[in-house]
Amino acid sequence: MTSADYNAWHRPVLLDETIEALAVRQDGLYVDLTAGGGGHSAAILEKLGGAGRLFSADRDKESLAVCQERLSQVETEGSFQTIHASFSDFPRWLDIEAGRAADGLLADLGVSSRQLDRGERGFSYLKDGPLDMRMNQEEGQSAAELLALIPEEELIALLRLYGEERYASSIARSIVKRREEGPITRTLDLADIVASAVPSRVRREGNPARQTFQALRMAVNREQQELAHLLMELPRVMAPGGRAVFISFHSLEDRMVKQAMRRWQDPCECPRDFPACICGKKALGRIVTARPVAASEEELAANPRSRSARLRAFEFGGTAS
Ligand SMILES: C[S@@+](CC[C@H](N)C(=O)[O-])C[C@H]1O[C@@H](n2cnc3c(N)ncnc32)[C@H](O)[C@@H]1O
């Protein structure tokens, strides 16, 4: 495939901003935890010299195969390795494969355009396919299995939290009523159930199933839990001066990243009115991006999917500002 083909597969968002925030060093060890089609990974690899190494991981085997192919075409002196793994596994495999801390890490959260576009993966509310939605199809519960068993109250909470869905109660009620007649196993069946549960005014504003599909995808892939685990473990595996860059597409995820970075920069737990710190917790580094970085007008015009992207970066081992 050519570079344009790869971009049609998935166009990497905030690419220049990511490379700048990572401040890639030629001899560094870099980890891309969300390799996808390898757009960000390829740009990192290009910058590496002979001692530089890149680990590109994804829990989606199909994406990883595309990333592997793309990276093997990059002209570089650096080396790379692809790894089929989830965030939660990251510190373990980094210890085994590299045996040392990382100089840079990227997590470009969520799904790729390719995953969304392929009906057979079950992520799309526009294309018919099995209601699967698992990024790693070798483990866990599909969206159909989740919908078959989840109690109505839990489904309402899930649609509200991950989908920010206003009509969560009515959608959940319709799903529960419909599943009494038989399992919901196809994406377009679910999209129809959602459409019938919302006012016609909402149907005219855009596809009403978007938020329900987003919420189910996040639950099926335990995306919030994966991110929480990563944020907890990360400081342990970053080298002094190492930079971690996160791109989020959901306000919940961006908030989790923002709060973690604030905690790393200022971990002191002493009451605010104490004259001096007695907890002894020291800053782990500094926040690089005072404000989240968003896509430029130019990028928005070329790739509307970049609209909700927010990038935040943190440098470990530096001094807190
Ligand atoms: C937005 S895409 C990344 C695109 C990539 N940066 C590129 O340039 O092509 C997100 C990718 O992260 C993967 N992913 C999401 N959550 C993951 C997790 N917890 N562990 C590993 N991979 C994950 C998805 O399978 C998907 O391929």
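Domain bounds here come from an automatic or database domain assignment. In this predicted model, that assignment splits the protein into two parts: domain 1, built from residues 3–114 + 223–316, and domain 2, covering 139–220. Domain 1 is thus written as two stretches of the chain, with domain 2 numbered between them. Measuring from C-alpha centre to C-alpha centre, domain 1 and domain 2 are 31 Å apart.

Next comes the sheet. Seven strands make up an open sheet with mixed pairing, and reading across it gives the order β3-β2-β1-β4-β5-β7-β6. The edges belong to β3 (79–84) and β6 (285–287); each has just a single partner strand, so one side of each goes without a neighbour in the sheet. Going from one strand to the next, the twist averages 15 degrees.

It helps to walk in from the β3 edge. Strands of a sheet pair through backbone hydrogen bonds, and they can do so either parallel or antiparallel. Here β2 and β3 run parallel and are joined by six bridges; F55, for one, has Q81 in β3 as its bridge partner. Between these two strands, helix α4 (residues 61–71) completes a β-α-β unit, and that unit is right-handed. On to the next pair: β1 (residues 29–32) and β2 (residues 53–58) also run parallel, this time with four bridges. One of the residues involved is L29, whose bridge partner in β2 is R53.

Helices pack on the sheet too. Helix α14 (residues 251–265) touches β5, β6 and β7, and its direction makes about 20 degrees with that of β7. Helix α2 (residues 15–22), meanwhile, lies across β4 (102–108), β5 (238–248) and β7 (310–316). The angle between α2 and β5 is about 160 degrees.

That leaves the ligand. There are 21 residues around it, and the ones that come nearest are P12, T34, G36, G39 and D60. What kinds of residue make up the shell around the ligand, counted as nonpolar, polar and charged? The split is five nonpolar, eleven polar and five charged.

Definitions and conventions. Residues are numbered from 1 along each chain as its sequence is written. This is a predicted model: local features need pLDDT of at least 70, side-chain atom pairs count only at pLDDT 80 or more; totals for chains, interfaces and linings use all residues. A residue is near a molecule or strand if its C-beta atom, placed from the backbone, lies within 6 Å of it. Ala, Val, Leu, Ile, Met, Phe, Trp, Tyr, Cys and Pro count as nonpolar, Asp, Glu, Lys and Arg as charged, and the others, Gly among them, as polar. Two strands pair if DSSP finds at least two bridges between them. Axes are lines fitted to C-alpha atoms, for helices over the stretch in contact, and angles run from 0 to 180 degrees between N-to-C directions. Two residues are in contact if their C-beta atoms, placed from the backbone, lie within 7 Å. A crossover is right-handed if, with the strands pointing away from the viewer, the path from the first strand over the helix to the second runs clockwise.
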